[in-house]
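User: Could you take me through the pockets in this one? I'd like a close look at what lines them and which parts of the fold supply those residues.

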Amino acid sequence: MIQVLYTVIVAQMALILTLLFRTPLRKLVIITLDRLKRGRGPIMVKTIAATVVVVLTSSVYSIIKIQHRTIEGGVANPTDEVLLSKHMLEASLMGFMLFLSLMIDRLHYYIRELRLLRKTMEAAKKQNRNFEDGKNGSPEELKAMGEEIATLRAKIKKLESECETKAKEAKTAEAEAEALRKQSEGFLLEYDRLLEDNQNLRNQLESIDQSLTQPDNKKNM
């Protein structure tokens with residue numbers, strides 16, 4: 001399961017990097033996410049997220065149960081330590097995976113909003129140029145055009161302000177994605193350390209089993 005979680009996390013990080021940079025692949029990813037959010041896509045995503053949350057809750061419960069058993073026994077059981085490390089790593093990876101999923105959803109939302117705002121601004125500017133080109137008319141028409149131009153300029157300023165806000169939010173999301181990438185590298189190092197500790201604990205268990213087996217053999221002799 002841990003290998004599957006690492007595979008999913010690496011795929012999510014690659015998807016985030018694709019969304020951060022303007023490439024032909026980014027457009028394909030955005031189209032795919034748009035289609036995924038239509039029809040039965042949201043239901044499937046929510047079902048998968050709910051399943052991951054249930055498994056995460058189970059891992060947290062197992063961690064609490066093992067810690068409680070260790071406190072009651074007073075001595076740490078090597079087997080419990082291995083299980084505790086495994087459950088803690090799985091819970092961390094699942095929580096990280098859910099957070100990355102949220103980051104992907106927000107990045108896709110901000111990119112789509114920025115595209116819509118830019119299209120609206122371009123249409124408003126084009127309409128404004130058309131009005132300015134057609135100034136040769138009656139005073140009433142010129143007055144009406146002037147009012148419409150003023151309205152359009154106010155709308156353009158508002159859209160530019162919203163565009164700047166969305167751009168700042170997108171930059172914040174990019175910074176968070178970079179921080180998550182560095183955090184995932186820490187998780188990989190922690191995973192390697194846990195594997196080494198797991199192997200050491202297994203060796204200790206084998207040594208304990210051998211030491212317990214030798215007195216039994218002597219008694220049988």
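Analyst:
**A look at the pockets**

About 390 Å³ of space lies in the second largest pocket, and keep in mind that this is a predicted model. Its lining runs to 16 residues. Closest to the centre of that pocket you'll find Arg22, Arg26, Ile111, Leu114 and Arg118. Helix 1, helix 2, helix 4 and helix 5 (139–220) are the elements that each put two or more residues into this lining. Helix 4 gives the largest share, with six residues. By class, the lining of the second largest pocket splits into nine nonpolar and seven charged residues, with no polar ones.

Now for the largest pocket, which has a volume of about 720 Å³. Here 22 residues make up the lining, and the ones nearest the centre are Gln12, Leu36, Val45, Ser101 and Ile104. Two or more lining residues apiece come from helix 1 (2–20), helix 2 (24–36), helix 3 (41–73) and helix 4 (78–133). This time helix 3 supplies the largest share, eight residues. As for chemistry, the lining of the largest pocket has 15 nonpolar residues, along with four polar and three charged.

Put side by side, the two linings draw on some shared elements: helix 1, helix 2 and helix 4 turn up in the list for the largest pocket and again in the list for the second largest. Helix 3 is listed for the largest pocket, while helix 5 is listed for the second largest. The polar class has four residues in the lining of the largest pocket and none in that of the second largest.

Technical notes: Residues are numbered from 1 along each chain as its sequence is written. This is a predicted model: local features need pLDDT of at least 70, side-chain atom pairs count only at pLDDT 80 or more; totals for chains, interfaces and linings use all residues. Side-chain values use heavy atoms; hydrogens and water are left out. On a 1 Å grid over the protein atoms alone, a cavity is a set of points where a 1.4 Å probe fits but cannot get out, and a pocket is an open set with protein on both sides within 12 Å along at least five of seven lines; lining residues have an atom within 4 Å of a point. Grid points are joined across faces, edges and corners, and a volume is the space filled by probe spheres set on the points. Helices (H or I, at least four residues) and strands (E, at least two) are DSSP runs, numbered from the N terminus. Ala, Val, Leu, Ile, Met, Phe, Trp, Tyr, Cys and Pro count as nonpolar, Asp, Glu, Lys and Arg as charged, and the others, Gly among them, as polar.
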